Amino acid sequence: MKMYISGHWVDSPNMTEVISPYSGNVVDMVPDATSDQAELALAAAERGAAAMRKLTAYERNQILMRAADIFAARTEDLARTVSLEEGKPLIESRGEAGRLPDLLRLCAFEGSQMRGETLPIDAQAGTRGKVAFTQRVPCGVVVAITPFNYPLLLVVHKVGPALAAGNAVILKPASTTPLTSLKLTEALLEAGLPEGGLQCLTGSGSRLGPILCADSRVRKITFTGSTEVGKRLAKVGSGKKLSLEMGSNCPLVVLPDADVDQVAEATAVGGYVNAGQVCISAQRVLVHRKVYADFLNVLKPRVEALKIGDPLDEDTRLSAMITVTDAKRVESWVQEAIQNGARLITGGQRQGAVFAPTILADVRPQMRVSCEELFGPAVAVTPVDSTEQAIALANDSKYGLGAGIFTRDINSAWRFAREIECGTIQINWTPLWRADLMPYGGFKESGIGREGPRYALEELTELKTVVFHGTDC
């Protein structure tokens with residue numbers, strides 16, 4: 001596939017293989033954009049921003065609504081592409097692709113509802129005869145750098161609101177999963193998007209990211225990825241508007257009054273969807289000692305029942321991680337925890353990029369599987385003696401993206417919601433749950449800013465104040 005720059009589908013002197021994580025086969029080849037091509041994209045985006053700004057909210061709405069219909073007609077093709085390039089089981093890829101049409105329609109609606117307000121400036125002395133109001137206007141050029149783990153959903157969560165607000169976007173998808181972004185770009189152009197409204201550059205993120213983010217023509221950077229890379233981009237893009245969704249190691253607290261069967265069922269989903277490669281995956285499970293043994297006994301058979309295999313098989317529920325290197329990292333962290341006293345309940349084996357769904361018990365909070373971001377199909381279970389200890393351990397992290405609690409006591413649930421330091425809290429579910437319309441983002445080193453179309457639009461626009469001075473003032 002070719003990338004899209006300045007109104008053309010183009011190649012590059014160097015091409016990069018897109019590899020299936022499960023089979024190791026080459027899925028396709030994409031260009032590795034050069035620095036000169038990045039400059040062409042920046043220049044085209046600057047022109048595109050002027051064109052996008054001239055579109056009315058109605059015109060932008062209609063483009064996104066047509067794109068939603070195109071996505072709906074191509075759900076199966078998009079889902080299979082995700083499974084091939086990312087390794088996600090087809091049943092999950094279909095779920096991801098199936099959310100796109102409604103998400104784009106929501107972006108279209110919210111983009112048509114941007115509004116300012118009349119300012120009561122006559123409440124200040126000396127303002128007789130003056131009228132003031134605010135307007136929301138596009139930022140201009142937006143750089144969107146997206147991750148591999150949701151190569152459809154998280155791309156649209158960035159591109160959709162940006163276009164709805166009237167910006168031009170330079171999209172840099174993850175180098176391991178560029179194919180879906182190229183297909184999304186194609187669909188948006190078919191829907192009538194001005195050619196400068198979207199550029200899609202493929203290739204090395206470590207090389208292209210700093211070039212794009214440092215450029216003075218870029219006003220807004222929206223990024224999802226690791227904390228380390230996010231911090232580097234924040235330095236490079238100093239002075240620009242930033243939305244950074246970075247690392248996490250979400251806690252799940254289980255109190256004695258919880259339904260242990262319900263918790264185990266939810267954990268078998270929340271800890272292993274997409275092979276655990278989800279920012280809000282349930283990584284740390286803090287279980288009260290009164291139900292600790294029961295929870296492990298009930299969780300084990302549910303996790304062992306997860307069918308491992310080819311992502312394109314209908315029955316597969318867990319497949320490959322994104323690379324063999326990532327699977328080896330998870331394997332080493334799990335072995336390190338076992339060597340330091342953690343107990344392996346199930347799993348722990350690796351075959352290529354496939355790491356078996358794993359449960360570790362008796363995990364101490366200082367172990368890397370608990371205190372760092374694992375991003376793999378393993379759950380670290382730690383016993384706690386009280387609600388106070390559970391909350392303290394849940395907050396004892398440099399991250400703060402999501403958290404969950406299982407309890408039947410409304411007072412415990414409310415206390416948890418009040419005291420936990422993170423962006424999203426789930427009561428009686430794992431952290432792994434998100435509605436596309438809700439605000440999504442974290443505290444601490446999990447990032448800054450919020451996604452979710454209405455909230456993203458505020459961050460993808462500038463607030464302008466206009467004051468009229470009357471002749472009799």
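A residue counts as buried when its relative accessible area is under 20%, as exposed when that area is over 50%, and as partly exposed in between. This report applies that scale to a predicted model.

**Serine 370 and threonine 185**

S370 has a relative accessible area of 5%, which is under 20%, so this residue is buried. S370 belongs to helix 12, which runs over residues 368–371. When neighbours within four places in sequence are set aside, the contacts of S370 are N249, Q283, R284, V363, R364 and P365.

T185 is a residue of helix 6, residues 179–190. With a relative accessible area of 0%, T185 is likewise buried, because that value falls under 20%. Apart from residues up to four places away in sequence, T185 touches Y4, W9, L171, L198 and C200. T185 and V381 are 196 residues apart along the chain, and their C-alpha atoms are separated by 42 Å.

**Accessibility of selected residues**

| Residue | Location | Relative accessible area | Class |
|---|---|---|---|
| S370 | helix 12 | 5% | buried |
| T185 | helix 6 | 0% | buried |
| A275 | loop between helix 9 and strand 13 | 3% | buried |
| S6 | loop between strand 1 and strand 2 | 24% | partly exposed |
| M15 | strand 3 | 36% | partly exposed |

**Positive phi angles in two loops**

Most residues other than glycine have a negative phi. S6 is not a glycine, yet its phi is positive, at about 50 degrees. This serine is found in the loop between strand 1 (3–5) and strand 2 (8–10). Its relative accessibility is 24%, which lies between 20% and 50%, so S6 counts as partly exposed. Leaving aside neighbours within four places in sequence, S6 is in contact with A44, R47 and Q199. From S6 to E314 the separation is 308 residues in sequence and 40 Å in space, C-alpha to C-alpha.

A275, also a residue other than glycine, has a positive phi near 55 degrees. A275 is placed in the loop between helix 9 and strand 13. At 3% relative accessibility, A275 counts as buried.

**Helix 10**

Does the length of helix 10 agree or disagree with the span expected at 1.5 Å a residue? The helix has 16 residues (289–304) and should therefore span 22 Å; its end C-alpha atoms are 23 Å apart, which agrees. Helix 10 also has a kink of about 25 degrees, centred on F295.

F295 is itself one of the buried residues of helix 10, together with V291, Y292, L296, V298, L299 and V303. The cover over the buried residues of this helix includes helix 9 (260–270) and several strands: strand 12 (251–254), strand 13 (284–288), strand 14 (343–346), strand 17 (358–361) and strand 18 (378–384).

**A nonpolar surface patch**

Which residues form a nonpolar patch on the surface? They are M15, I19, V26 and M29, which together have about 290 Å² of accessible area. Strand 3 (15–19) and strand 4 (26–31) are the elements that give two or more residues to this patch. M15 lies in strand 3. Its relative accessible area of 36% is between 20% and 50%, and M15 is therefore partly exposed.

Key: Residues are numbered from 1 along each chain as its sequence is written. This is a predicted model: local features need pLDDT of at least 70, side-chain atom pairs count only at pLDDT 80 or more; totals for chains, interfaces and linings use all residues. Side-chain values use heavy atoms; hydrogens and water are left out. Helices (H or I, at least four residues) and strands (E, at least two) are DSSP runs, numbered from the N terminus. The expected span of a helix is 1.5 Å times one less than its number of residues. The bend at a residue is the angle between axes fitted to the seven residues ending there and the seven starting there. Buried means under 20% relative accessible area, exposed over 50%, partly exposed in between (1.4 Å probe, protein chains only). Contact means heavy atoms within 4.5 Å. Patches are made of residues with over 30% relative accessible area and no salt bridge: like charges are joined within 9 Å, nonpolar side chains (Val, Leu, Ile, Met, Phe, Trp, Tyr) within 5 Å. Accessible areas come from the Shrake-Rupley method with a 1.4 Å probe; for residues, only the protein chains shown count as cover. A salt bridge is a side-chain nitrogen of Lys or Arg within 4 Å of a carboxyl oxygen of Asp or Glu.
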